[in-house]
Amino acid sequence: MSGAAHGASHPGRAVHGDGPVIELGSVPSLGASQRRGLAGSAAAAATRRRDVAADALDGTTLLAQGLTTDPDRLTAYQHLVGAPAQDRLPAGFVHVLAFPLANALMVRDGFPLPLLGLVHLANEVTQQRPVVLGEEVDVAVHAERLTAHHRGVSVDVVAEVGVAGEPVWRGVSTYLAKGYRLDGATADRAERPEWHAPQPTGAWRLEADLGRRYAAVSGDRNPIHTSTLAAKAFGFPRTIAHGMYTAARALAHLDEPDAFTWRAEFAAPIVLPSTVSVRAGTDGPARVLDAWAKRHQLHVTVTPRG
Amino acid sequence: MAGSRRPVVVGGNRTPFARAGGAYAHVSNLDLLTAALDGLVARFGLAGERLGEVAAGAVLKHTRDFNLTREAVLGSALSNETPAYDVQMACATGMETIASIADKIRLGRLDVGVAGGVDSASDAPIVVTEQLRAALLDLNRAKTVQAKLAAVAKIRPSHLAPVAPDVAEPRTGLSMGEHQALTTAAWGISREEQDELALASHQRLAAAYDAGFFDDLVTPYRRLVRDANLRPDTSMEKLGALAPVFGKRLDTPATMTAGNSTPLTDGASTVLLADQSWAAERGLPALAEVVDLEAGAVDFVHGKDGLLLAPVHAVPRLLARHGMSLADFEIVEIHEAFAATVLATLKAWEDPDFCRDRLGRDGPLGSIDRARLNVHGSSLAAGHPFAATGGRIVATAAKELASRGSGARGLVSVCAAGGQGVVAILEAV
Amino acid sequence: MSDTYLELVNSGFTAELAKRLGLPRPARLRRFRAGDQLVPGPVLVLADGAAGADADALAATLLDRDLDVRRRPDGDHRWGAVVVVLTGVTGPADLSGPALDLAGVLKKLAHGARVVTVSRAAAEATDPAAAAARQGVDGLLRSLAKELRGGATGNGLVLADGTAVTSPSALGALEFLLSAKSAFVDGQLLTVQGTGGHPPADPDRPLDGQVALVTGAARGIGAAIARTLARDGARLLLVDVPAAGDGLAAVANETRGTALQLDLTSPDAPQRLVEHVRSRFGHLDVVVHNAGITRDKLLANMTPDRWDSVLAVNVIAPLRVTEALLDAGVLGEAPRVVCLASTSGIAGNRGQTNYAASKAGVIGMVRAQAPVLASAGGTVNAVAPGFIETEMTARIPALTRQVARRLNSLQQGGLPTDVAEAIAFLASPQAGGISGQVLRVCGQNMVGA
């Protein structure tokens, strides 16, 4: 199976198309791009360019083809998030496959926000069918929707995944750069209804080394998850759990369907270690999970389709 | 041919149940199961005999005990030519072994068999951390010195700490007690009701011991003659003085204490099952027929039902299959995982809305007179060595039914971890 | 329970030391092992002048057992046994000949040899001279037993008038007394007063197919009884209190028997036992009332619970159980009931008023029950152990225990198996002519244990 053969029909091309498509010969090293992101963020902090133009996104798409999955890595991921070790890739694992591209996109010179310190606000994945171990996948990543937020500027990083030209997975990660302003404007704080803790149906014990363990299987070594010192530098008392770990664990908890929309809202960071209460239930056709300790931290919905 | 076969309970034997870390702190699951089996063999004069099968199991089990039941047979007075196998269905393990052996007898595949179970919280396996396990596997696979060093280098001091077994539900992270606390709150079960049930359990078990009821059901072991958890002199005052241990994170008052919850327990039980004619040929008793069993499971993961309420659903199905109602039973045995488990089960069956919405019935399933419920006490007083509880209850119920005369029926309900449960109908022969 | 002293003085250097110091040197007793000869050398049969025919008849039956039997004390032998037939004595002077013949061979007895007198019951003699001669045998035998060394024993068989020396029970008793099974029976006279009983079909399994109840079977003497009866072919129903259930189960499984946990002193126990026998076995052929307890205290310090519990277990329970079994009609065609008495019940023992009362009570009970059992075709007897090495006697203070062990002709304690062998004999089909008797298994000891 040659990855290049499928490139021309990649689903990502039809969707955006307002900027250059850069095909990467190999998947970028996350370590290198994260180090670069660190340097870029330092440069951004030094120049204090905190205003972002509404048209600052250049529409670039990064494309990588013929990505494969290492079975041992898949198993480690599945065990860590509590998913069955099936040959069906969890939707969260597809996110992990696409993440190096998203990361590479965000450290490019033209990307208007700093990688380090970005806060993952929400993540929404729509899956048409599961990717199966052994299938080669093509990934296209672009950014869109720079939006004013009451605490800064948010952006959607969109990853689209196909198998042999068939679109199977689309993920939208919404990140917030705190303290930035979009064309000098700020947004009002959105009204959030007051949240009351329901009766739990379970509890998650999240160990102190969870950040390092998820970093090992996901490749996301953002130091706020792995280093107490770095976490303190960004204002957290200790390391915090990866949002995508908690979202993936919720997805496994809710029994991942084949075709579905999976939305996670990261209401507040979860400091490690901690035990959080969870409630799993349903809301119409959707399966819903909330997690909280003192305050609401995570809201996940999984809506099966068809 | 098969239609004429009737699997009957010939009798039972168990060790007295000890509190974890007590009299059996240094004996293993294998020791306990062998002792229970040997007592059964002695009671029915089966030394040296080849039985059809022995089925048993343990919930907390060492990997070295992969063939626990067969090893117990080899160590027992039974013929070494008796086949044996392990079964595991959490706290319903004992019930499931009874189902398995009884079904095979009814089918004609066996004439006689032993069902049983054992658990020892004192003999629970201690495991290594996942990281150490992975590193050791890599080390084992490594071919070169460098690869071996690399594998060893991955081991951190924190990986070396042993991991005690977790009795929490893997899918929810809640312990069984925390789960029951949710059910207790949902059904609004009071502290007083729970303590009353616990008190009755202790008083009835103590009275049964004093009357010699357990003379042919229990064989002493390691100088323990009665269940160590039994408190014949407990009272509402003493039970009322205990501090709650579960449900403290909820916004409703916490009502579940060490007194109205079962403690971690060590012990083993066995039940001798045979075709009625096999027993008759040997002059052995036929206490009660194992009429039928039904397994149930609930979706507790998403909060649809309480973890321990599977029997609430399984019993109506079993009754419907036999055209029976709760009024058809002289005695009812509901495993007292927690006092509130029993009370929630009773309330669910009495609740018209629940019975309509969840059980699809026109009206309530019915209520159970407390005089018929757990007549010789149950797990709150005796303790609950998970896999051993089914055998304890079935042997006790069968003997009680036999004393009430032919046709007397008993209903047995045992809930289990994983949101499961197995229920059974027994009928005096 | 091992007797360290006995082991020491019989081994190597310490044996030599003990000999030079003049310490008592108890012999290792000859005990039963399957396949061994009945006696460890030729059998000499002596007789008084008028007992020739009886002696010939006995010699013939012994010859049938492939034994080397001699009628004259000639030759250089280590005699395995001497049988002295004194059934013909009519006056004290008649004892002289056989007594002096016996004297001539006493120094030529093998280790573990046997001397057995066979005589008639003095009480049945109307002639004073005959009675004197018959009673004289008693004194002769008891004194001789105290002279014998090297594990040899002396016992007497006393036959009622009309009971032939070759009657089944006489031959059975003679064989028992000659054999290693009677190792710790010494200085005793056993009366055979009936012609009942019959030799077993299989001498190695005299109780084949019979159902035997043993109470107190979880340990000690009870466990030994179970093993011995199982060896003899019996199907066992073993009873002990629920608290001893683990030991009971082990013994039951070892002997392929069944265990019944039952406190025989509880009010409904006899009925529960009867129901159990009826449903599980149909009937009982052998009943061994072995269960017994001690709660020693000087009478001055006696408490009601100590007194009552000992009487309840040791004598009241056997009384009620035998009665219930008889009433229920669950005893077989030729039932054998054997009870455990004690030398304390015969000679008394300081600090054991309760125990001795119960055990003397057993002796009285056995005597009175003999006619009742006879009408049911059976027998009832008691065995009175002396100092037996068991868990129970292990609780006796060490020094007292050492003294008690030596205060008998064999200078040692007996073993549980010694008691069991006596019981197995009395339970056998051949012992049908023996009833209402007390057989002491005490090494000729008059101190209770």
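**Exercise 1. In this predicted model, find how chain A and chain C are placed relative to each other.**

Solution. Start with the pair itself: no contact joins chain A and chain C. Contact requires heavy atoms within 4.5 Å. The closest C-alpha atoms of chain A and chain C lie 44 Å apart. Next, turn to the pairs that do touch. There are 2 such pairs of chains, and the one with the most contacts is chains B and C.

**Exercise 2. Describe the interface of chain B and chain C by its residues, its buried area and its polar links.**

Solution.

Step 1, residues. Chain B brings 23 residues into contact with 17 residues of chain C. On the chain B side, 12 of the residues are nonpolar, 6 are polar and 5 are charged.

Step 2, area. About 1,400 Å² is buried between chain B and chain C, and carbon and sulfur atoms give 48% of that area. On the chain B side, the residues that lose the most area to chain C are B:Ala42, B:Asp215 and B:Pro220; together they make up 36% of what that side buries.

Step 3, polar links. The interface of chain B and chain C has 1 salt bridge. A salt bridge between these chains is formed by the side chains of B:Asp215 and C:Arg272, with 3.3 Å from N to O. This distance satisfies the rule, because the cut-off for a salt bridge is 4 Å. There are also 10 residue pairs in polar contact across this interface, both residues being at pLDDT 80 or more.

**Exercise 3. Carry out the corresponding analysis for chain B and chain A.**

Solution.

Step 1, residues. The contact involves 18 residues of chain B and 17 residues of chain A.

Step 2, area. The area buried between chain B and chain A is about 1,400 Å², with 39% from carbon and sulfur atoms. Three residues, B:Arg171, B:Arg249 and B:His302, account for 35% of the area that chain B buries against chain A, more than any other three residues.

Step 3, polar links. The count of salt bridges between chain B and chain A is 0. Polar contacts are found for 5 residue pairs, with both residues at pLDDT 80 or more.

Step 4, elements. On the side of chain B that touches chain A, helix H4 (130-141) and helix H6 (176-186) of chain B each supply at least two residues. H6(B) gives the most, with 4 residues. By class, this side of chain B holds 7 nonpolar, 6 polar and 5 charged residues.

**Exercise 4. Work out the strand order of the 7-stranded sheet in chain C, and place two helices against the sheet's strands.**

Solution.

Step 1, order. The 7 strands form an open sheet, in the order S9-S8-S7-S10-S11-S12-S13, with parallel pairing. At the edges are strand S9 (258-261) and strand S13 (438-441) of chain C, each of which pairs on one side only. From one strand to the next, the twist averages 20 degrees.

Step 2, one pair in detail. Strand S12 (residues 379-385) of chain C runs parallel to S13(C), and 4 bridges join the two. In this pair of strands, C:Pro385 stands opposite C:Val441 in S13(C).

Step 3, helices. Helix H12 (residues 353-375) of chain C packs on the sheet and touches strand S11 (331-340), S12 and S13 of chain C. The direction of H12 makes about 160 degrees with that of S12(C). Helix H8 (residues 245-254) of chain C lies across strand S8 (235-240) and S9 of chain C, and runs at about 160 degrees to S9(C).

Key. Residues numbered from 1 in each chain as written. Chains lettered and ligands numbered in written order. Predicted model: local features only at pLDDT ≥ 70, side-chain atom pairs only at ≥ 80, totals over all residues. Heavy atoms only, no water. Pairing = 2+ DSSP bridges. Axes fitted to C-alpha atoms, helices over the stretch in contact; angles between N-to-C directions. Buried area = accessible area lost by both parts, 1.4 Å probe. Polar contact = N/O pair within 3.5 Å; in protein donor to acceptor, adjacent residues only side chain to side chain. Nonpolar A, V, L, I, M, F, W, Y, C, P; charged D, E, K, R; others polar.
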